[in-house]
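Hi,

Here is the structure I said I would pass on. Have a look at it first, and then read my notes below.

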Amino acid sequence: MPDIFNEINQNIRAKYELVYHPTNPKQDGSYRKLRVELVDDEGQPLRMQDEKHKQLKYDIIARDGYRAKQEVE
């Protein structure tokens, strides 16, 4: 059992969820594109490495966009 819990613990620590709140408050049903990037403090693509300085790869899983809610009359 300890091995199973350790694996679950490692998986939870390696995943993040971001929440987006649009700046456009219009509820017009339009499609809005999204772009998710991982960048450093200077806006450059983020490079991550392990303790041995080996480059780490990462995946970003995100939707291309969303449809704004339609205002109900």
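**What I found**

His53 counts as exposed, with a relative accessibility of 62%. Before I go on, please keep in mind that this is a predicted model. You will find His53 in the loop between strand S2 (48–49) and S3. What caught my eye there is the backbone: the phi of His53 is near 65 degrees, a positive value in a residue other than glycine. As you know, most residues other than glycine have a negative phi.

Now for the chain as a whole. It has 1 helix and 4 strands, and from the N terminus on the order is α-β-β-β-β. How does its radius of gyration stand against that of a compact globule of 73 residues? The globule would come out near 11 Å, whereas the chain has 18 Å. The C-alpha trace spans about 55 × 40 × 15 Å along its principal axes.

The surface numbers are worth a look too. Just 7% of the 73 residues count as buried. The chain exposes about 7,900 Å², and 51% of that is supplied by carbon and sulfur atoms. As for contacts with a separation of 6 or more, 58% of them are accounted for by residues 24 or more positions apart.

Next, the largest pocket, which holds about 850 Å³ of space. It is lined by 21 residues, and the closest to its centre are Tyr16, Leu18, Val36, Ile60 and Ile61. What classes of residue make up that lining? There are 15 nonpolar and 6 charged residues, and no polar ones.

Ile60 deserves a paragraph of its own. Ile60 lies in the loop between S3 and S4 and is one of the residues closest to the centre of the largest pocket. Is Ile60 buried, partly exposed or exposed? Its relative accessibility is 39%, so Ile60 counts as partly exposed. Leaving aside residues up to four places away in sequence, Ile60 touches Val36, Glu37 and Leu38. With Val36, the C-alpha to C-alpha distance is 7.5 Å, although Ile60 and Val36 are 24 residues apart in sequence.

The same loop brings us to Ala62, found between strand S3 (55–56) and strand S4 (65–67). Ala62 is partly exposed as well, because its relative accessible area is 43%. Between Ala62 and Glu37 there are 10.0 Å from C-alpha to C-alpha, with 25 residues of separation in sequence. Glu37 is also one of the residues that Ile60 touches.

Last, Asp40, which has its place in the loop between strand S1 (31–33) and S2. Asp40 has a relative accessible area of 29%, so this residue is partly exposed. Asp40 and Pro2 are 38 residues apart along the chain, and their C-alpha atoms are separated by 36 Å.

If you open the model, I would begin with the loop between S3 and S4, where Ile60 lies, and then turn to His53 and its positive phi.

Cheers

Definitions and conventions. Residues are numbered from 1 along each chain as its sequence is written. This is a predicted model: local features need pLDDT of at least 70, side-chain atom pairs count only at pLDDT 80 or more; totals for chains, interfaces and linings use all residues. Side-chain values use heavy atoms; hydrogens and water are left out. Helices (H or I, at least four residues) and strands (E, at least two) are DSSP runs, numbered from the N terminus. Buried means under 20% relative accessible area, exposed over 50%, partly exposed in between (1.4 Å probe, protein chains only). On a 1 Å grid over the protein atoms alone, a cavity is a set of points where a 1.4 Å probe fits but cannot get out, and a pocket is an open set with protein on both sides within 12 Å along at least five of seven lines; lining residues have an atom within 4 Å of a point. Grid points are joined across faces, edges and corners, and a volume is the space filled by probe spheres set on the points. Ala, Val, Leu, Ile, Met, Phe, Trp, Tyr, Cys and Pro count as nonpolar, Asp, Glu, Lys and Arg as charged, and the others, Gly among them, as polar. The radius of gyration is taken over C-alpha atoms; the globule rule is 2.2 Å times the number of residues to the power 0.38. Contact means heavy atoms within 4.5 Å. Accessible areas come from the Shrake-Rupley method with a 1.4 Å probe; for residues, only the protein chains shown count as cover.
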